[in-house]
Amino acid sequence: MSSQDAQAETDKTAGWRGSRELWLEAARQAFVESGLEAVKIQPLAARLDLSRTSFYWFFKDRGALLQALLELWEARNTGAIQAACEAYAETLPEAVLTLIAAFLEETGFEPRFDFAVRGWAHRDATVAARVQAADEARLAAIRAMFTRFGLPATEADVRARTVYLTQMGYISMQVQETLEIRLARVADYVAIFAGQPPQPNEMARFRARFGRG
């Protein structure tokens with residue numbers, strides 16, 4: 001190592017170490033972009049232009065980082081679905097539209113993050129159990145949304161599965177379609193999911209969320 005490189009490493013070690021959130025977000029980006037093997041300390045340090053030793057101020061080891069990555073996935077992706085199901089809606093179609101928006105907006109729920117975690121689950125039984133638990137929590141939230149509008153439990157369960165498994169199909173098959181095509185199908189999806197079509201004003205509000213009049 002040259003004296004210049006040694007000085008740069010010293011400056012990194014003595015200076016700003018980043019933050020737990022910064023390291024975790026870098027791990028999430030690497031994971032989504034390149035898979036689990038990309039989530040390693042030295043490549044992440046290089047990505048952030050920080051020293052490798054800075055990592056240990058925030059995480060005990062790589063295993064702790066991977067655990068935090070799973071917790072982040074649960075909080076963001078499952079949390080976004082739960083929040084959408086609990087949001088205020090005057091009608092069942094409006095509630096379903098809010099849920100669909102959560103999947104499409106990708107501001108909380110991130111499809112690529114979900115896809116990556118599910119791929120990880122194929123090689124790790126512990127992660128597979130976490131994915132199964134997350135799926136159950138999401139389905140429970142969607143069922144509760146339907147029962148809130150008076151649907152019997154068995155019907156609410158089937159409708160919840162229809163909504164959720166359709167969305168998971170989009171993710172697992174990595175369906176590529178434009179937002180315009182997806183939006184054009186939404187009213188019919190809602191009619192199937194909810195058993196009744198959305199009203200024009202409900203669709204107008206929904207489309208406005210995506211900058212479409």
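User: Which residues have the most contacts inside the largest nonpolar core?
Analyst: This is a predicted model. Its largest nonpolar core has 36 residues. Helices α4, α5, α7, α8, α9 and α10 each supply at least two of them. The residues with the most contacts inside the core are V96, L99, I142, F146 and F206.

User: Which helix gives the largest share of this core?
Analyst: Several helices contribute, including α7 (125-148) and α10 (200-208). The largest share is ten residues. That share comes from α5.

User: Which residues is F146 in contact with, leaving aside neighbours within four places in sequence?
Analyst: F146 is one of the residues with the most contacts inside the largest core. Its partners include R159, A160, V163, F193 and A194. The others on the list are L92, V96, L151 and A156.

User: How many residues does the other core have?
Analyst: Another core lies apart from the one just described. Among its members are I41, L65, L70 and V117. Its residue count is 30.

User: Are α4 and α7 roughly parallel or roughly antiparallel to each other?
Analyst: The two axes come within 9 Å. They cross at roughly 10°. Angles under 35 degrees count as roughly parallel. Therefore α4 and α7 are roughly parallel.

User: How many nonpolar residues does the contact of α4 with α7 have?
Analyst: On the α4 side, the contact includes L70, W73 and I81. On the α7 side, it includes V127, I142 and M145. By class, there are four polar and six charged residues. The nonpolar residues number eleven.

User: Are α8 and α9 roughly parallel or roughly antiparallel to each other?
Analyst: Their axes are 9 Å apart. The helices pack at an angle of about 150°. Angles over 145 degrees count as roughly antiparallel. So α8 and α9 are roughly antiparallel.

User: Which residues of α9 make the contact with α8?
Analyst: From α8 come R159, T162, V163, T166, Q167 and Y170. By class, the contact has six nonpolar, three polar and three charged residues. The α9 residues are R182, R185, Y189, I192, F193 and A194.

User: Which helices do the buried residues of α6 pack against?
Analyst: Helix α6 covers residues 111-121. Its buried residues are P111, F113, D114, A116, V117, W120 and A121. They pack against α2, α4, α5, α7 and α8.

User: Is I171 buried or exposed?
Analyst: I171 sits in helix α8. It touches F109, P111, D114 and F115, not counting residues up to four places away in sequence. Its relative accessible area is 8%. Buried means under 20%, so I171 is buried.

User: How far apart in space are I171 and R112, C-alpha to C-alpha?
Analyst: In sequence, I171 and R112 are 59 residues apart. In space, their C-alpha distance is 7.7 Å.

User: What is the phi of E106?
Analyst: Most residues other than glycine have a negative phi. E106 is not a glycine, yet its phi is positive. E106 lies in the loop between α5 and α6. Its phi is about 60°.

User: Where is Q174?
Analyst: Q174 also has a positive phi, near 50°. It is partly exposed, with a relative accessible area of 47%. Its place is in the loop between α8 and α9.

User: What does UniProt list for residues 17-77?
Analyst: Over this span the chain is 64% helix and 0% strand. The end C-alpha atoms are 28 Å apart. The unreviewed UniProt entry lists the span as "domain: HTH tetR-type".

Methods. Residues are numbered from 1 along each chain as its sequence is written. This is a predicted model: local features need pLDDT of at least 70, side-chain atom pairs count only at pLDDT 80 or more; totals for chains, interfaces and linings use all residues. Side-chain values use heavy atoms; hydrogens and water are left out. A nonpolar core is a set of buried Ala, Val, Leu, Ile, Met, Phe, Trp, Tyr and Cys residues joined through side-chain atoms within 4.5 Å. Buried means under 20% relative accessible area, exposed over 50%, partly exposed in between (1.4 Å probe, protein chains only). Helices (H or I, at least four residues) and strands (E, at least two) are DSSP runs, numbered from the N terminus. Contact means heavy atoms within 4.5 Å. Axes are lines fitted to C-alpha atoms, for helices over the stretch in contact, and angles run from 0 to 180 degrees between N-to-C directions. Angles under 35 degrees count as roughly parallel, over 145 as roughly antiparallel, 65 to 115 as roughly perpendicular and the rest as oblique. Ala, Val, Leu, Ile, Met, Phe, Trp, Tyr, Cys and Pro count as nonpolar, Asp, Glu, Lys and Arg as charged, and the others, Gly among them, as polar. UniProt positions are given in the numbering used here, feature names are shortened, and annotations may be inferred rather than shown by experiment.
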